[in-house]
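Here is a friendly set of notes for a first look at this structure. Please keep the view open while you read the points in turn.

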Amino acid sequence: TGGHAVYGGIVGALYSRAVYANAFGDDPGARRSALVGIPIAALFHGTYNALTAFLPAAILVKLIGLAVAIALYRELVELSPYRTYPLSMASVAIPSIRRGLVFNPKSPLLNRNLGIYLMHQSDYRSAATHLRASVPRSRDPRRARFLAACSELTFLPGPQARRGLRIAWARLGDSQRTTYMRQLKELVGDRDGVMERVREFQQAAFRPRRYKSTREIAREQKIKRIERRRARSAVDPECKRRP
């Protein structure tokens with residue numbers, strides 16, 4: 001059973017690498033490498049069967065096959081679009097995640113991660129698109145919605161962008177606001193005025209408002225009506241006043 005798992009892992013790893021390499025085009029070389037996995041697995045299996053009378057040699061063949069399978073697995077991990085890349089490797093992460101989205105376009109994890117790396121690369125329009133796509137099935141939709149709203153500040157009209165940010169900000173708790181603002185600072189720094197616009201929004205949102213009483217509002221409306229009557233009287237002296 002262990003040998004069959006190892007041999008199947010070798011074939012599967014080479015096949016997966018070929019499919020992954022052909023995400024954006026036709027690469028015959030990658031397909032040929034997938035076919036090579038079949039004779040390699042057959043060679044290991046046949047050698048093991050031939051050496052079953054000499055158990056130490058048969059076990060050694062299995063160990064060599066396991067080492068090959070582990071090496072291929074580690075290579076696939078390096079190529080995986082689900083790998084967590086540091087922000088400094090955003091230029092490497094973006095094409096890798098795009099290849100992953102070819103096979104899983106609705107993945108919330110891939111869309112969210114791609115949006116984050118695109119924000120770091122100052123491609124805010126594409127970042128907002130992928131972050132919004134990750135919201136419906138995301139485990140943490142509030143962060144994706146907030147980062148998307150921050151990205152939209154750079155290309156949407158002012159009122160529309162502020163409205164989106166106001167909705168996203170209102171859904172966050174105090175601890176989330178602190179955490180997400182720190183993450184936003186790490187993503188964009190002081191580039192493109194994103195942090196400056198977000199801080200301006202925060203200052204406007206928490207600015208104390210002076211609410212007027214009903215009596216004050218009624219008084220202001222009465223003064224406006226009197227001023228309009230005076231303006232009409234100045235134009236037409238015979239204008240009749242309304243009771």
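1. A good place to begin is Asp-192, which sits in the loop between helix H9 (174-188) and helix H10 (194-205). Its phi is near 60°, a positive value in a residue other than glycine. Most residues other than glycine have a negative phi. Asp-192 is partly exposed, with a relative accessible area of 40%. Do keep in mind that this is a predicted model.

2. Where else does a residue that is not a glycine have a positive phi, of about 70°? Look at Ser-122, whose phi takes that value. Ser-122 belongs to the loop between helix H5 (108-120) and H6. With 31% relative accessibility, Ser-122 is counted as partly exposed.

3. Now for the overall picture. The protein has eleven helices and zero strands. Following the sequence, the pattern reads α-α-α-α-α-α-α-α-α-α-α. Of its 243 residues, 33% count as buried. The accessible surface comes to about 15,800 Å², and carbon and sulfur atoms account for 57% of that area.

4. How do the contacts spread along the chain? Taking contacts between residues at least 6 apart in sequence, 52% join residues at least 24 apart. Ala-13 gives an example of a pair separated along the chain: Ala-13 and Tyr-73 are 60 residues apart in sequence, and their C-alpha atoms are 6.7 Å apart in space.

5. Stay with Ala-13 for a moment. This residue is found in helix H1 (residues 2-21). Is Ala-13 buried or exposed? Its relative accessibility is 9%, so Ala-13 counts as buried, the limit for that label being under 20%. Setting aside residues up to four places away in sequence, Ala-13 touches Leu-72 and Leu-76.

6. Next come the salt bridges. How many does the structure hold? There are three salt bridges. As background, side chains of opposite charge can pair when their charged atoms come close.

7. One of them joins Arg-132 and Glu-152, with the closest N and O atoms 3.1 Å apart. Arg-132 lies in helix H6 (residues 124-134) and Glu-152 in helix H7, so this pair ties together parts that are 20 residues apart in sequence. The partners differ in cover: Arg-132 is partly exposed, with a relative accessible area of 31%, whereas Glu-152 counts as buried at 11% relative accessibility.

8. Glu-152 deserves a second look. Helix H7 covers residues 141-152, and Glu-152 is placed in that helix. Which residues is Glu-152 in contact with, leaving aside its neighbours within four places in sequence? They are Ala-128, Arg-132 and Ala-161. Arg-132 is thus both a contact of Glu-152 and its salt-bridge partner.

9. Another salt bridge brings together the side chains of Glu-78 and Arg-83, at 3.0 Å from N to O. Glu-78 is partly exposed, with a relative accessible area of 47%. Arg-83 also counts as partly exposed, at 24% relative accessibility.

10. Lys-185 and Asp-190 form a salt bridge too, and their closest N and O atoms are 2.7 Å apart. Lys-185 counts as partly exposed at 35% relative accessibility. Asp-190 is exposed, with a relative accessible area of 62%.

11. Turning to the surface, there is a nonpolar patch formed by Leu-55, Ile-59, Leu-60, Leu-63, Ile-64, Leu-66, Val-68 and Ile-70. Together these residues have about 680 Å² of accessible area. Leu-60, one of the patch members, lies in helix H3 (residues 55-79). Leu-60 is partly exposed, with a relative accessible area of 48%.

12. Which residues gather in a patch of positive charge on the surface? The group consists of Lys-222, Lys-224, Arg-225, Arg-228, Arg-229 and Arg-232. Arg-232 is part of helix H11 (residues 214-235). At 40% relative accessibility, Arg-232 counts as partly exposed.

Definitions and conventions
Residues are numbered from 1 along each chain as its sequence is written. This is a predicted model: local features need pLDDT of at least 70, side-chain atom pairs count only at pLDDT 80 or more; totals for chains, interfaces and linings use all residues. Side-chain values use heavy atoms; hydrogens and water are left out. Patches are made of residues with over 30% relative accessible area and no salt bridge: like charges are joined within 9 Å, nonpolar side chains (Val, Leu, Ile, Met, Phe, Trp, Tyr) within 5 Å. Accessible areas come from the Shrake-Rupley method with a 1.4 Å probe; for residues, only the protein chains shown count as cover. A salt bridge is a side-chain nitrogen of Lys or Arg within 4 Å of a carboxyl oxygen of Asp or Glu. Lys and Arg count as positive and Asp and Glu as negative; His and the chain ends are not counted. The place of a charge is taken as NZ of Lys, CZ of Arg, CG of Asp or CD of Glu. Helices (H or I, at least four residues) and strands (E, at least two) are DSSP runs, numbered from the N terminus. Buried means under 20% relative accessible area, exposed over 50%, partly exposed in between (1.4 Å probe, protein chains only). Contact means heavy atoms within 4.5 Å.
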